[in-house]
Amino acid sequence: MGIVKINDDLHEEVRRASAVMVRSINAQAEFWMRVGMLAEANPGLSYTQLMAEQMKQADIQLRQVADA
């Protein structure tokens, strides 16, 4: 595990977002980094499309979960 230094304002945004999303500060920062990497690798896809593809690759079928 490494240390990533970010400015105080960004850290505050991560902290606030982590509370809303019920994630640790580190988990929220990691999530944003992963989404950013996916967005850079797939510039033609929207956030919703990126997440749908990730769910598909993980073999998660949201319809079945929602209907349960």
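A helix here is a DSSP run of at least four residues, and helices are numbered from the N terminus. Keep that in mind as you work through this predicted model.

**Exercise 1. Find which helix gives the most residues to the lining of the largest pocket, and describe that lining.**

*Solution.*
Step 1: Start with the space itself. The largest pocket holds about 430 Å³.
Step 2: Look at its centre. Of the 15 lining residues, the closest to the centre are Val 4, Asn 26, Ala 29, Glu 30 and Met 33.
Step 3: Ask which elements give two or more residues to the lining; these are H1 and helix H2 (25–41).
Step 4: Pick the main contributor. H2 gives the most, with 7 residues.
Step 5: Sort the lining by character. You should get 11 nonpolar residues, 3 polar and 1 charged.

**Exercise 2. Find the salt bridges and say where their partners lie.**

*Solution.*
Step 1: Apply the cut-off: a side-chain nitrogen of Lys or Arg must be within 4 Å of a carboxyl oxygen of Asp or Glu. The count comes to 3 salt bridges.
Step 2: Begin in helix H1. Glu 12 and Arg 15 meet at 2.5 Å, N to O, and they sit 3 residues apart in H1, about one turn of the helix.
Step 3: Stay in H1 for Arg 16 and Glu 13, which meet at 3.6 Å. This pair is also in H1, 3 residues apart.
Step 4: Move to H2. Arg 34 bridges to Glu 30, with the closest N and O atoms 2.8 Å apart; these two lie 4 residues apart in H2.
Step 5: Check the exposure of the last pair. Arg 34 has a relative accessible area of 52%, so Arg 34 is exposed. Glu 30, at 39%, is partly exposed.

**Exercise 3. Which loop holds Val 22, and what is notable about its phi?**

*Solution.*
Step 1: Recall the usual case. Most residues other than glycine have a negative phi.
Step 2: Compare Val 22, whose phi is near 55°, a positive value in a residue other than glycine.
Step 3: Locate Val 22 in the loop between H1 and H2.
Step 4: Use the cut-off for exposed, over 50% relative accessible area. Val 22 has 75%, so Val 22 is exposed.
Step 5: Try Asp 59 in the same way. Asp 59 has a positive phi of about 60° although it is not a glycine, and Asp 59 is found in the loop between helix H3 (47–57) and helix H4 (62–67). With 63% relative accessible area, Asp 59 is exposed.

Key:
Residues numbered from 1 in each chain as written. Predicted model: local features only at pLDDT ≥ 70, side-chain atom pairs only at ≥ 80, totals over all residues. Heavy atoms only, no water. 1 Å grid on protein atoms, 1.4 Å probe; cavity = no way out; pocket = protein on both sides within 12 Å on 5 of 7 lines; lining within 4 Å. Points joined across faces, edges and corners; volume = space filled by probe spheres on them. Nonpolar A, V, L, I, M, F, W, Y, C, P; charged D, E, K, R; others polar. Buried < 20%, exposed > 50% of the residue type's maximum accessible area, 1.4 Å probe, protein only.
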